[in-house]
Amino acid sequence: MQSKNDTNTKCNKLDRKIRQAEIKSDMSVDELIKEINGCAFGAGRLSEAVDIYSEMLTEDTTKFFGLAGAMVPAGMRKIVADLIRDGHIDVLVTTGANLVHDLVESLGLHHYKGSALSNDMELKNEEINRIYDVYLPEHHFTDFEEKMQSILEDIGEETVSIREFLTHIGNNLEDTDSILKTAADMNVPIYCPAIQDSMIGLQAWLYKQTNRLNVDAFADMKELIDICYDAEKSGALLIGGGVPKNYIFQSMLVTPKELDYAIQLTMDTPETGGLSGATLDEARSWGKVGEYARSLTVHADATITLPIIVAAARNRIENNG
């Protein structure tokens, strides 16, 4: 015979019915997201991610943004720049590759729609580089190298941090859609702890063969940790994982504070032990994400989920005044 407590527990587990979504022709993005809130699997998680992200943006929160993967080549560049411009990113941590491709676009040199089923030896002979289904002409890097060398010549011999180095690059760009320029204009720090692992790093090394260039790879750590210490509340939107995710997390780790909000958009799974697939619950064991933090991982292509989350959150915030 079931006890009253057993019955109550069972009822609690069955108090949220799956709601069958209804799609209308005149729906806003946020209305669509709210409509799938009662669905399961990825749809329900995407809707919950918008709830968490919208709250994170409207609260007095220090907002970290971790940007891994080939998001700039895929066309996500202006989304990130606009988030910086609108005050939705306080700290950006990214890979050198994304900044390289941002700089390439800043020079009016474009990425092109290609095919993932390409003949890669044919592309090599035609001097076209491939990133999945994105094509990038090899000659773009000639202009990139010339621009980088001129920027490096102007930096002087004083020791700078990587963040200061990137701010200097941003100040030497004119493209208002550039992540680097927008961050420099808005005084938003960009941290790129693996800057050496990029064409920017390669160009800096080449420059150093005949010139003085002093970049302190550790100087950023105090600055970023101070930001973490000063944050009343903190939240992170993580695109992929890797170095950007860990750099944000480890900076929180050495403070007495933990993230209050965390959203991860990834296609990786946790079974291999890699950071890009590691769950945010796992991060709680390290004291990186708070015990009562609102956190969620959405397993899907970030080039799909990021624009939807940003658009829905913008709808919601604007409509709520």
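**Figure 1. The lining of the largest pocket divides into 14 nonpolar, seven polar and four charged residues.** This is a predicted model, and our tour of it starts at this pocket. The space inside comes to about 560 Å³. Helix H4 (71-74), strand E3 (112-113), strand E10 (259-266) and helix H15 (302-319) are the elements that each give two or more residues to the lining. H4 contributes the largest share, with three residues. If you would like to centre your own view, look for Ala70, Met71, Ala74, Asp301 and Thr303, which lie nearest the pocket centre among the 25 lining residues.

**Figure 2. The second largest pocket holds about 270 Å³ of space.** Its lining has 13 residues, and Arg16, Asn37, Gly38, Cys39 and Gly44 are the closest to the centre. Sorted by class, the lining of this second pocket has six charged, four nonpolar and three polar residues.

**Figure 3. One cavity of 30 Å³ or more is found in the structure.** The volume of the largest cavity is about 40 Å³. Around it sit Arg163, Leu166, Thr167, Leu180, Ala183, Ala184, Val188 and Ile190. At least two of the lining residues come from helix H9 (162-171), and at least two from helix H10 (179-185). By class, the cavity lining has six nonpolar residues, one polar and one charged.

**Figure 4. Helix H6 (residues 96-106) is largely enclosed by the rest of the structure, because ten of its eleven residues are buried.** Among the buried residues of H6 you will find His101, Asp102 and Glu105, along with Leu99, Val100, Leu103 and Val104. Just after H6 comes glycine 108, whose phi is positive, at about 80°.

**Figure 5. Arginine 294 and glutamate 55 form a salt bridge between distant parts of the chain.** Their closest N and O atoms are 2.6 Å apart. Arginine 294 belongs to strand E11 (residues 289-299) and glutamate 55 to helix H3 (residues 41-58), with these positions 239 residues apart in the chain. Arginine 294 counts as partly exposed, at 30% relative accessibility, and glutamate 55 is also partly exposed, at 28%. In total, the structure holds 17 salt bridges.

**Figure 6. Lysine 63 pairs with aspartate 90 in a salt bridge whose closest N and O atoms are 3.3 Å apart.** Lysine 63 is in strand E1 (residues 62-67), while aspartate 90 is in the loop between helix H5 (77-85) and strand E2 (91-94), so this pair ties together parts 27 residues apart in sequence. Lysine 63 is buried, with a relative accessible area of 8%, whereas aspartate 90 counts as partly exposed, at 29%.

**Figure 7. Within helix H5, arginine 85 and aspartate 82 are three residues apart, so about one helical turn separates them.** An α-helix has 3.6 residues a turn, so residues three or four places apart point the same way. The two side chains meet in a salt bridge, 2.6 Å from N to O. Arginine 85 is partly exposed, with 32% relative accessible area. For a bridge that grows into a network, look at the linked group of Asp30, Lys34, Asp51 and Arg316.

**Figure 8. Leu202, Trp205 and Leu206 make up a nonpolar patch on the surface.** Together, the three residues have about 300 Å² of accessible area. Tryptophan 205 is part of helix H11 (residues 199-208) and is partly exposed, with a relative accessible area of 49%.

Technical notes. Residues are numbered from 1 along each chain as its sequence is written. This is a predicted model: local features need pLDDT of at least 70, side-chain atom pairs count only at pLDDT 80 or more; totals for chains, interfaces and linings use all residues. Side-chain values use heavy atoms; hydrogens and water are left out. Patches are made of residues with over 30% relative accessible area and no salt bridge: like charges are joined within 9 Å, nonpolar side chains (Val, Leu, Ile, Met, Phe, Trp, Tyr) within 5 Å. Accessible areas come from the Shrake-Rupley method with a 1.4 Å probe; for residues, only the protein chains shown count as cover. A salt bridge is a side-chain nitrogen of Lys or Arg within 4 Å of a carboxyl oxygen of Asp or Glu. Helices (H or I, at least four residues) and strands (E, at least two) are DSSP runs, numbered from the N terminus. Buried means under 20% relative accessible area, exposed over 50%, partly exposed in between (1.4 Å probe, protein chains only). On a 1 Å grid over the protein atoms alone, a cavity is a set of points where a 1.4 Å probe fits but cannot get out, and a pocket is an open set with protein on both sides within 12 Å along at least five of seven lines; lining residues have an atom within 4 Å of a point. Grid points are joined across faces, edges and corners, and a volume is the space filled by probe spheres set on the points. Ala, Val, Leu, Ile, Met, Phe, Trp, Tyr, Cys and Pro count as nonpolar, Asp, Glu, Lys and Arg as charged, and the others, Gly among them, as polar.
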